[in-house]
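Trainee: Could we go through the ligand site and the enclosed spaces of this model, setting each value against the definition behind it?

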Amino acid sequence: MLDNIDYRDYKKCDDIHGTVLYPAVMVAPIQKDILKNLILRDEIASVFDPFHGSGTSLYEAMEIAPNMHLVGCDINPLANLITRVKLQGVNSNIKSDINELKEHIIEPKDISYFSFPNMEKWFRTDIIESLKIVRSAITKISNDQNRLFFWYMLCDIIRKYSNTRSSTYKLHIKEADAISRMENNVIEDYIGSVEKNIYKFLHSSNNFILYKCNVLEKFRDFENELFDISITSPPYGDNATTVPYGQFSMLALYTIDRKDLELEGWELDNYSIIDSNSLGGKTKNIIMNDFEKALIAPYLKKISVAKHKKVICFFNDYFLFLRELCRVTKKYIVLTLGNRTVDRVQIDLTNITKTFLEKNGFENLKFVKREIPIKRTPKVTSIVNQKPVSSMNYEYIIIHRRNT
Ligand SMILES: C[S@@+](CC[C@H](N)C(=O)[O-])C[C@H]1O[C@@H](n2cnc3c(N)ncnc32)[C@H](O)[C@@H]1O
């Protein structure tokens, strides 16, 4: 297992994972290789991804074992919609629904009104008009499953024709010149990508549950050793800065009809609320035990006191997550991790996690380091004390098994 983790030639655009952009996704064939190995070597009835993002691991598990019980959680409603569509695919009405969608787009009638905060900042007026036509057409499709697929396919179009730069996951306005140079092909592009990608959505699972909520709260509903495999890539503590999953998703979330999103009610309040409610985003009561405090103490010593709060806040949530993960996992824990830098000090999240899991009853089977070939987050992210600070260029995959 994991003898070749390079996958430099793997192109997401050839498979379902290339049909929508999401930050910090896992490399699908690597997750598939791991899952295949574990599923072949052991009796596995369930796979759990507590931070499923765009659903890479759950989809790959379904590809290996179509009847596998799949459970996922994510706080971001866009991640929920993306993963739901990947797992449920489209149904047999899809051809006639595409024809109906095209009719509503080509001869638009009763275009429904929609607006959101700062809409004119993020879209040119003519783009807003085109998006309104497409949005209104999608809302008229009565088949729920296919309508969700149509929203899914709109996500990358929204991003492509918005005024935000493609070089970062944050919302960062383009130069005025670049905005005025954009050609408006929203409608042709959208219909083209629906028709081009439809065949990638023909597989489906009828044995999955997705929770749109904070997994730290959801854990309370799960009994001990409920899941055979837990496989995930958690946030690394930089959701407010380098990889803001929520901020990245807001333009799509504001455009998609609320009725088709799983919402608790607070998610659309502002552009940063999803990130601040995410793992490590808010200060709470510190509940780390002495062992956990000792794991991060060597790093805190080297980091300026001003940055302590941010690191403690992240690890307070992260250790709670790991404790619960150990409790609910029966057999294997598979994590893809990165070591982020705070104040020029690299925090070895991978070894901290490995030590934690070993102490909590899970022996290490594999520890693999992998260079990340292409990154949207720049290798140098900021300048601190006149020196450049590099972001993560490696990811690590660790596989642990419950001690017998
Ligand atoms: C690294 S991404 C997962 C990417 C995923 N492995 C993929 O391939 O697309 C981390 C995810 O954790 C989610 N997240 C952050 N805090 C969370 C929380 N407290 N509860 C549930 N999900 C959370 C984010 O919304 C994001 O989708």
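Mentor: Let us begin with terms: helices (H or I, at least four residues) and strands (E, at least two) are DSSP runs, numbered from the N terminus. On that basis β2 (69-74), α10 (215-218), α12 (273-276) and α14 (305-328) each supply at least two residues of the lining of the second largest pocket. The model is predicted, so local features need pLDDT of at least 70 and side-chain atom pairs count only at pLDDT 80 or more, while totals for chains, interfaces and linings use all residues. Residues are numbered from 1 along each chain as its sequence is written, and side-chain values use heavy atoms, with hydrogens and water left out.

Trainee: What makes a space a pocket and not a cavity?

Mentor: On a 1 Å grid over the protein atoms alone, a cavity is a set of points where a 1.4 Å probe fits but cannot get out, whereas a pocket is an open set with protein on both sides within 12 Å along at least five of seven lines; lining residues have an atom within 4 Å of a point. The second largest pocket has a volume of about 660 Å³, and of the 43 residues that line this pocket, Phe51, Ile75, Asn214, Ser278 and Leu279 are the closest to its centre.

Trainee: Where does the ligand sit?

Mentor: The ligand sits in the second largest pocket, a statement that requires more than half of its atoms to lie within 2 Å of the pocket's grid points.

Trainee: Which contacts of the ligand are called polar, and why?

Mentor: A polar contact is a pair of N or O atoms within 3.5 Å; within protein, one must be able to donate a hydrogen and the other to accept it, and residues adjacent in sequence count only if both atoms are side-chain atoms. An N or O atom in the side chain of Tyr22 is 2.6 Å from a ligand oxygen, and a polar side-chain atom of Asp74 lies 2.7 Å from an oxygen atom of the ligand. A backbone N or O atom of Leu279 lies 3.0 Å from a ligand nitrogen, so this pair, too, meets the limit of 3.5 Å.

Trainee: How many cavities does the structure hold?

Mentor: The structure holds three cavities of 30 Å³ or more, and the largest has a volume of about 100 Å³. α7 (144-160) and α11 (245-255) each supply at least two residues of the lining of this largest cavity, and Cys155, Asp156, Phe248 and Ser249 are among its lining residues.

Conventions: Points joined across faces, edges and corners; volume = space filled by probe spheres on them.
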